[in-house]
Each structure stands twice: as structure tokens, then as C-alpha cells.
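The following report concerns helix packing, nonpolar cores and selected residues of a single chain. The sequence and the structure are shown first.

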Amino acid sequence: MWTVPNCITLFRVILIPVFVVVYFLDWKWAHEAGAFIFWLAAITDWFDGYLARKLEQSTPFGAFLDPVADKLIVGAALLMITHSYATLWITIPSIALLVREIYVSALREWMGSNGVREAVKVSFIGKAKTTAQMLALIGLLSGLETFMGFPIYWVSLGYILLYLSAVLSIWSMFVYTKAAWPHLRGSAIK
């Protein structure tokens, strides 16, 4: 259970309250520091999966905790940007992303309990959605359009990537539903 990848995943879970508290601190660079902590968590998500495969240290505990950690930190970040920006232009795609995460998680759990989880395994669209979503959240959490007087447009890019990830999210939700539909209808050939 206490493999290196699992410890990295636990570290990501521990970062969640740190991320939230730092982001809402009353000091000048709080949002940027919160965005950095979120970035660190996003990197550890990739890193723990890579190490689990490379070191052959995949465990049932890690397989359970990794997606939970992802959903928790992304859910927290989506709630935080809807609070910080307080606009429908952020709230609507954030809701779409949250709804998709809950829906696909429930779908995968149901498919797994019926022994057909492979039908809804992570796809390229899902990976592209996750990449766009993480980059969008880093940009939006940072609140940076300029850095040291130079335009960097992270918030603008964050908006664009948030909408791209919402579109990919809805698309992937339909792809996963289509793959699961024969099993959901009860007409799948076994």
C-alpha cells in the first residue's frame, strides 16, 4: 500500500486544503501561490501514474485514490474560480465540467460493478479534456494577464481552455455513454 506512487497521490490529497487556504489568504500573491500549488498537484498526478507503471507498483488502493484525488482538487478549483470570477462565463462551463466528472465516475463505477469497465476506459478525448482543464484552471486561478509588466494573457488563455475543456468534456461524456449504452440497456452480448 505505501508505494512511492501512492505516497505521491496522498501528498496530492493533502495539498487540497493547503491550496484552498493559500488561495484565499489576504496577501498580494495569494492567487498566484494557489495556482502554483494547483500546478504542483497537476504535475504529481502525471508523475504518480508514470511511476506506478515504470516501477510496476500499481495497487488497488492507488487505483481507487488517484481518481478521487483528481476529482477533489479539480472540484475545489472549479468552485474557487466560480467564486472568484462570479460570472456566468465561468460558472456555466464549470458546472458542465463538474456534472461530467460525477456522471463519468458513476458510469465507470456501475460498469466496473458489472465487470465491463473496459468499455469506458480513459480515452484520448478524456486525456485532452484533462490537459485543457488543468491548464485553464492554472491560468484562471493565477489571475495573471501580465507579469512584471509583460503581457502573458494567462486568464484569457484560461477562458479559452475552460470552454475547450467543457466541449471536450461533453463530447467525452457522450462517447463513454455510447460505449456503455448496450450494457445500460441490458442488451450487451456477453
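Leaving aside its neighbours within four places in sequence, with which residues is Phe 19 in contact? With that exclusion, Phe 19 is in contact with Gly 34, Ile 37, Phe 38, Ile 73, Ala 76, Ala 77, Met 80 and Leu 141, where contact means heavy atoms within 4.5 Å.

The model is predicted; local features need pLDDT of at least 70, side-chain atom pairs count only at pLDDT 80 or more, and totals for chains, interfaces and linings use all residues. Residues are numbered from 1 along each chain as its sequence is written, and side-chain values use heavy atoms, with hydrogens and water left out.

**Nonpolar cores**

Phe 19 is one of the residues with the most contacts inside the largest nonpolar core, together with Phe 38, Ile 81, Leu 137, Leu 141 and Leu 162. This core has 29 residues. A nonpolar core is a set of buried Ala, Val, Leu, Ile, Met, Phe, Trp, Tyr and Cys residues joined through side-chain atoms within 4.5 Å; buried means under 20% relative accessible area, exposed over 50%, and partly exposed in between (1.4 Å probe, protein chains only). Two or more residues of the core come from each of helix 1 (4–23), helix 2 (30–54), helix 3, helix 4, helix 5 (124–142) and helix 6 (154–185). Helices (H or I, at least four residues) and strands (E, at least two) are DSSP runs, numbered from the N terminus. A second, separate core has 7 residues, among them Val 104, Leu 107, Val 120 and Met 173.

**Helix packing**

Helix 3 (residues 60–85) and helix 4 (residues 88–113) have axes that come within 9 Å and cross at roughly 160°. The two are therefore roughly antiparallel, a term for angles over 145 degrees. On the side of helix 3, the contact includes Lys 71, Gly 75 and Tyr 85, and on the side of helix 4 it includes Ile 90, Glu 101 and Ser 105. By class, this contact has 7 nonpolar, 5 polar and 2 charged residues.

Helix 3 also packs against helix 5, at an angle of about 40° and with the axes 10 Å apart. That makes helix 3 oblique to helix 5. Val 74, Ala 77, Leu 78, Met 80, Ile 81 and Tyr 85 of helix 3 meet Gln 133, Met 134, Leu 137, Leu 140 and Leu 141 of helix 5. The residues of this contact divide into 10 nonpolar, 1 polar and no charged.

**Individual residues**

Two loop residues other than glycine have a positive phi, as tabulated here.

| Residue | Phi | Location | Relative accessibility |
|---|---|---|---|
| Glu 56 | about 50° | loop between helix 2 and helix 3 | 73%, exposed |
| Tyr 153 | near 60° | loop between strand 2 (150–151) and helix 6 | 49%, partly exposed |

Most residues other than glycine have a negative phi.

Asp 48, found in helix 2, is buried, with a relative accessible area of 3%. Not counting residues up to four places away in sequence, Asp 48 touches Pro 5, Ile 8, Thr 9, Arg 12 and Asp 66.

Val 116 lies in the loop between helix 4 and helix 5. With the same kind of exclusion, up to four places in sequence, Val 116 touches Met 111 and His 183. The C-alpha atoms of Val 116 and Ile 152 are separated by 45 Å, and the two residues are 36 residues apart along the chain.

Methods:
Axes are lines fitted to C-alpha atoms, for helices over the stretch in contact, and angles run from 0 to 180 degrees between N-to-C directions. Angles under 35 degrees count as roughly parallel, over 145 as roughly antiparallel, 65 to 115 as roughly perpendicular and the rest as oblique. Ala, Val, Leu, Ile, Met, Phe, Trp, Tyr, Cys and Pro count as nonpolar, Asp, Glu, Lys and Arg as charged, and the others, Gly among them, as polar.
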